[in-house]
Every structure is written in structure tokens, then in C-alpha cells.
Amino acid sequence: RQRQMCIRDSYLSMLKLIQDNLTRRESTWLDQLSLKQSSPKVDLPKAAVLIAITDEKNPEIVYTLRSNKVSSHQGEVSFPGGMQEDTDVSLSSTALRESEEEIGLPQDLVRIVGSLDTMVSRFNISVTPFVGIIPKSVELENFSEEIQEWYSVPVSFLLADKRHRNDEINRNGETFYMPAYKYSSYVIWGLTAMITVNFLNRALDAKIDMSTPRKIE
């Protein structure tokens with residue numbers, strides 16, 4: 001019973017830490033790789049994604065695998081999300097709407113707890129990630145032709161920073177080594193990896209260092 005209480009307390013502490021850090025903590029170069037400002041750029045097309053975290057003792061993050069029917073990022077791992085539409089009242093509404101359209105995640109079951117640094121994709125789109133807690137028992141489906149499938153990755157796996165490879169990135173005269181993580185047959189890399197590391201560092205104090213390449217595991 002005492003062990004179960006400790007596990008439960010640890011789980012609650014993780015979710016609380018995520019919410020507290022996203023509310024009060026400012027980002028650093030280590031979080032956002034000195035890429036862009038933390039607010040959306042007004043002169044770029046805007047998109048939003050959702051980092052959906054399951055409400056359980058070993059929380060997991062939902063990712064999607066894009067299909068080969070899309071015009072960009074074919075076959076790549078991503079977060080549910082997409083471009084802002086005129087009917088969206090906010091970027092968080094965009095993330096929620098797109099998540100429902102792509103994987104059938106009911107908007108009213110998502111508790112948004114904060115947002116991360118806005119980044120700019122290689123297609124020059126301003127992407128803002130939102131973090132939301134979802135029920136463990138929620139049933140997800142592939143509702144969109146843009147998505148081949150969805151899957152989830154334990155936060156504990158990502159915190160271990162076991163790298164599949166180091167991707168060299170040059171920004172503002174500095175060189176960074178962005179991790180790529182392989183979970184099962186899926187490889188998390190590129191902008192999705194940047195957002196993932198930003199989340200781990202901002203929300204969970206992971207202190208993942210990208211200034212030097214880390215050993216491949």
C-alpha cells in the first residue's frame with residue numbers, strides 16, 4: 001500500500017510539475033535552440049499542434065504518423081494538429097479541432113495546461129504547441145486521410161534521452177545536436193523532436209543538452 005501511494009504521489013507530482021513549469025518558467029536557449037521568438041510571428045502562416053498526455057501513473061504522449069497522401073511531411077512522425085482556419089477563435093482551438101479531426105479526440109476531454117515556444121518549420125510556418133491532459137481511457141481512431149496511424153510513447157522513455165541519432169543543426173552561428181528517438185518502429189526527429197525536447201526541458205526540467213552530440217544507444 002505504501003509503494004502504491006508513492007507511485008501515485010510521483011505521478012501526481014509529474015502532472016503538477018508540468019502545469020506549474022508551463023505557467024511560470026521562462027524558456028532558455030537550451031529549450032528553443034535559439035530558433036525563434038516564443039510568440040507566433042504575425043507575417044507567417046500559423047499552425048498549432050497538441051501534445052496530448054495521458055492521465056495515468058506512467059503518462060504517455062500521443063504521436064501520429066503522417067500518411068503518404070499529404071503534400072508535406074509524408075511518412076513522418078508528428079503531433080496531431082494543423083493549420084489555423086478562419087473559424088478558429090484561437091490557436092489552442094486549432095490544436096483541439098485538428099486533433100479531433102485527425103484522431104477522434106473529443107475536444108471537451110482535453111485539459112489544456114499550457115503552451116510551448118512557437119517554432120518555425122522548414123516550410124516557413126509558425127507552429128505553436130499546446131500541452132493537454134487527456135483521459136487514459138479515451139478511444140482514439142484514424143479519422144483523417146492525412147494520418148496513417150497514431151501511437152503513444154511513455155514520458156519516462158523520452159526523459160531517458162536514449163538517442164537513435166544526433167541531427168546536426170546550425171542556427172544563428174551556433175551548432176546544436178538534436179536528438180532523434182526511436183520507439184518501436186517510429187523515429188521522432190526534426191521539428192517534432194525539437195518540440196518534444198522543448199516540452200521535456202520546459203515542463204519537466206529534463207536538462208537535455210544539445211550543445212554536444214550524445215552517445216547513440
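Which residue just after H5 takes a positive phi? Keep that in mind; the tour returns to it at stop three.

**Stop one: the whole chain**

The model is predicted. Show the whole chain as a cartoon, and five helices and eleven strands appear. The chain has 217 residues, of which 49% count as buried. Switch on the surface: the chain exposes about 11000 Å², and carbon and sulfur atoms supply 47% of that area. Among contacts between residues at least 6 apart in sequence, 68% join residues at least 24 apart.

**Stop two: helix H5**

Select residues 190-204, which make up helix H5. From the first C-alpha to the last, H5 reaches 21 Å, close to the 21 Å expected at 1.5 Å a residue for its 15 residues. Is H5 mostly covered or mostly open? Of its 15 residues, 14 are buried, so by the cut-off of under 20% relative accessible area H5 is mostly covered.

Pick Thr196, which lies in H5. Thr196 counts as buried because its relative accessibility is 1%. Leaving aside neighbours within four places in sequence, Thr196 is in contact with Tyr63, Phe79, Leu158 and Ile188.

**Stop three: the end of H5**

Move to the segment after helix H5 and select Asp205. This answers the opening question: just after H5, Asp205 takes a positive phi of about 55 degrees. Most residues other than glycine have a negative phi. Asp205 is partly exposed, with a relative accessible area of 32%.

**Stop four: the nonpolar cores**

Show side chains for Ile18, Ile51, Ile61, Tyr63, Val131, Ile188 and Phe199. These are the residues with the most contacts inside the largest nonpolar core, which has 38 residues. H5 gives the largest share of this core, eight residues. Apart from this core lies another, of 14 residues, among them Ala52, Val62, Ala95 and Ile134.

Now centre on Phe199. Not counting residues up to four places away in sequence, Phe199 touches Ile18, Ile51, Ile53, Ile61, Leu116, Val131 and Leu204. In soluble globular proteins, nonpolar side chains tend to be buried together.

**Stop five: strands E9, E10 and E11**

Select residues 165-171, strand E9, along with its partner E10; the two pair in the antiparallel sense over seven bridges. One pair to find here is Glu168 with its bridge partner in E10, Tyr177. The hairpin of E9 and E10 has two residues between the strands, and Asn172 there takes a positive phi near 50 degrees.

Follow E10 onward to E11. How many bridges join E10 and E11? They pair in the antiparallel sense over three bridges. Lys182 has Val187 in E11 as its bridge partner.

E10 and E11 also form a hairpin with two residues between them. Select Ser184, in the loop between strand E10 (174-183) and strand E11 (186-188). The phi of Ser184 is near 60 degrees, a positive value in a residue other than glycine. Ser184 counts as exposed because its relative accessibility is 56%, and the cut-off for exposed is over 50%.

**Stop six: Ile125**

Finish at Ile125, in the loop between strand E6 (119-120) and strand E7 (126-135). Not counting residues up to four places away in sequence, Ile125 touches Pro45, Lys46, Ala47, Met83, Met119 and Val120. Draw a distance from the C-alpha of Ile125 to that of Asp43: the two are 9.7 Å apart in space and 82 residues apart in sequence.

Note on methods:
Residues are numbered from 1 along each chain as its sequence is written. This is a predicted model: local features need pLDDT of at least 70, side-chain atom pairs count only at pLDDT 80 or more; totals for chains, interfaces and linings use all residues. Side-chain values use heavy atoms; hydrogens and water are left out. Helices (H or I, at least four residues) and strands (E, at least two) are DSSP runs, numbered from the N terminus. Buried means under 20% relative accessible area, exposed over 50%, partly exposed in between (1.4 Å probe, protein chains only). Contact means heavy atoms within 4.5 Å. Accessible areas come from the Shrake-Rupley method with a 1.4 Å probe; for residues, only the protein chains shown count as cover. A nonpolar core is a set of buried Ala, Val, Leu, Ile, Met, Phe, Trp, Tyr and Cys residues joined through side-chain atoms within 4.5 Å. The expected span of a helix is 1.5 Å times one less than its number of residues. Two strands pair if DSSP finds at least two bridges between them.
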